Amino acid sequence: MILWIALYISDYYLTLYTARGYREIEHIKFEGSFELTPQYQKDIDALNPVSTLHVKLLVVYTLIILLFWWFFGSLLDRDWAYLLYLGMFLLLEVAVHFRHLRNVFLIREIRKNGGVEGQITYRKWLSYKASAFEFYTFGGLFLFVALLAFSPFFLGGALMCIGTGFKHMRLANKAKTIVIQDAQSQP
């Protein structure tokens with residue numbers, strides 16, 4: 001439970017750090033919001049140090065994990081089901097944290113040593129598509145480990161990462177459709 005809470009909280013604060021960092025270095029811009037999860041975009045764009053939505057979801061998800069532990073682990077004696085759900089929550093955060101660490105490295109390296117000239121702006125659809133690819137990659141890795149180790153924990157992580165990849169691919173397609181429609185409406 002402590003690991004889950006630490007990962008969930010650090011996810012928000014690493015997102016704030018990278019959003020602020022990309023604004024400061026000014027070489028890398030993002031169309032719309034840096035944050036990909038629509039529900040958090042306003043909080044991240046405003047660099048709010050505390051998000052009421054994030055706090056509410058932290059409590060809700062923590063209670064769900066505890067409920068699953070009690071229901072599947074204690075009541076039904078189905079530890080595999082609890083591990084599946086736990087993997088869904090924890091391994092999704094592991095994948096997200098790898099992305100955060102890459103962003104933190106990039107921001108710090110650019111601040112310290114430069115290495116970037118000019119400016120690049122990522123279209124929203126490309127940000128979502130790249131995110132989907134990363135989630136598919138982590139999902140594939142977790143699925144491979146799940147099959148090798150017969151692990152419901154890694155299977156849960158694989159399912160959640162692949163599902164999030166599908167969600168981000170849908171958002172990419174939606175954002176790209178809007179760009180195409182806007183281009184077609186231009187004289």
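## Close-up views of a predicted model

**View 1. Arginine 123 and glutamate 31 form a salt bridge, with their closest N and O atoms 3.1 Å apart.** The pair ties together parts that are 92 residues apart in sequence, because arginine 123 lies in the loop between β2 (120–122) and α5 (124–149), while glutamate 31 lies in the loop between β1 (28–30) and α2 (41–45). Are these two partners buried or exposed? Arginine 123 is partly exposed, at a relative accessible area of 37%, and glutamate 31 is also partly exposed, at 27%. As you look around, please keep in mind that this is a predicted model.

**View 2. Glutamate 24 meets arginine 111 in a salt bridge.** Here the N to O distance between the side chains is 2.4 Å. Which parts of the chain does this pair link? Glutamate 24 belongs to helix α1 (residues 2–25) and arginine 111 to helix α4 (residues 79–113), so the bridge links distant parts of the chain, 87 residues apart. Arginine 111 counts as partly exposed, because its relative accessibility is 39%. As background, side chains of opposite charge can pair when their charged atoms come close.

**View 3. Arg99, Arg102 and Glu134 are linked in a network of salt bridges.** Within this group, the side chains of glutamate 134 and arginine 102 meet at 2.5 Å, N to O. Glutamate 134 sits in helix α5 and arginine 102 in helix α4, so this pair ties together parts that are 32 residues apart in sequence. With a relative accessibility of 42%, arginine 102 counts as partly exposed. If you would like to look for the rest, a search of the whole structure finds four salt bridges.

**View 4. Helix α3 runs through residues 52–75.** How far apart are the end C-alpha atoms of this helix? They are 33 Å apart, which agrees with the 34 Å that its 24 residues should span at 1.5 Å a residue. Follow the helix along and you can pick out its buried residues: His54, Leu58, Thr62, Ile65, Phe68, Phe72 and Gly73. The cover over these buried residues includes α1 and α4. Just after α3 comes aspartate 77, which takes a positive phi of about 55 degrees.

**View 5. Helices α1 and α3 cross at roughly 155 degrees.** Their axes come within 11 Å. How are the two helices oriented to each other? An angle over 145 degrees counts as roughly antiparallel, and α1 and α3 are therefore roughly antiparallel to each other. The crossing of α1 past α3 is right-handed. On the α1 side, the contact is made by Trp4, Ile5, Tyr8, Ile9 and Tyr12. On the α3 side, it is made by His54, Leu57, Leu58, Tyr61, Thr62 and Ile65. You may recognise some of these names from the previous view, where His54, Leu58, Thr62 and Ile65 are among the buried residues of α3.

**View 6. Alanine 146 is a residue of helix α5.** Is alanine 146 buried or exposed? Its relative accessible area is 6%, so alanine 146 is buried. What does alanine 146 touch, leaving aside its neighbours within four places in sequence? Its contacts are Ser151, Phe154 and Leu155. You can also find glycine 157 in this view: alanine 146 and glycine 157 are 11 residues apart in sequence, with 8.9 Å between their C-alpha atoms.

Terms used:
Residues are numbered from 1 along each chain as its sequence is written. This is a predicted model: local features need pLDDT of at least 70, side-chain atom pairs count only at pLDDT 80 or more; totals for chains, interfaces and linings use all residues. Side-chain values use heavy atoms; hydrogens and water are left out. Helices (H or I, at least four residues) and strands (E, at least two) are DSSP runs, numbered from the N terminus. Buried means under 20% relative accessible area, exposed over 50%, partly exposed in between (1.4 Å probe, protein chains only). The expected span of a helix is 1.5 Å times one less than its number of residues. Contact means heavy atoms within 4.5 Å. Axes are lines fitted to C-alpha atoms, for helices over the stretch in contact, and angles run from 0 to 180 degrees between N-to-C directions. Angles under 35 degrees count as roughly parallel, over 145 as roughly antiparallel, 65 to 115 as roughly perpendicular and the rest as oblique. A crossing is left-handed if the near helix is turned anticlockwise from the far one by less than a right angle, and right-handed if clockwise.
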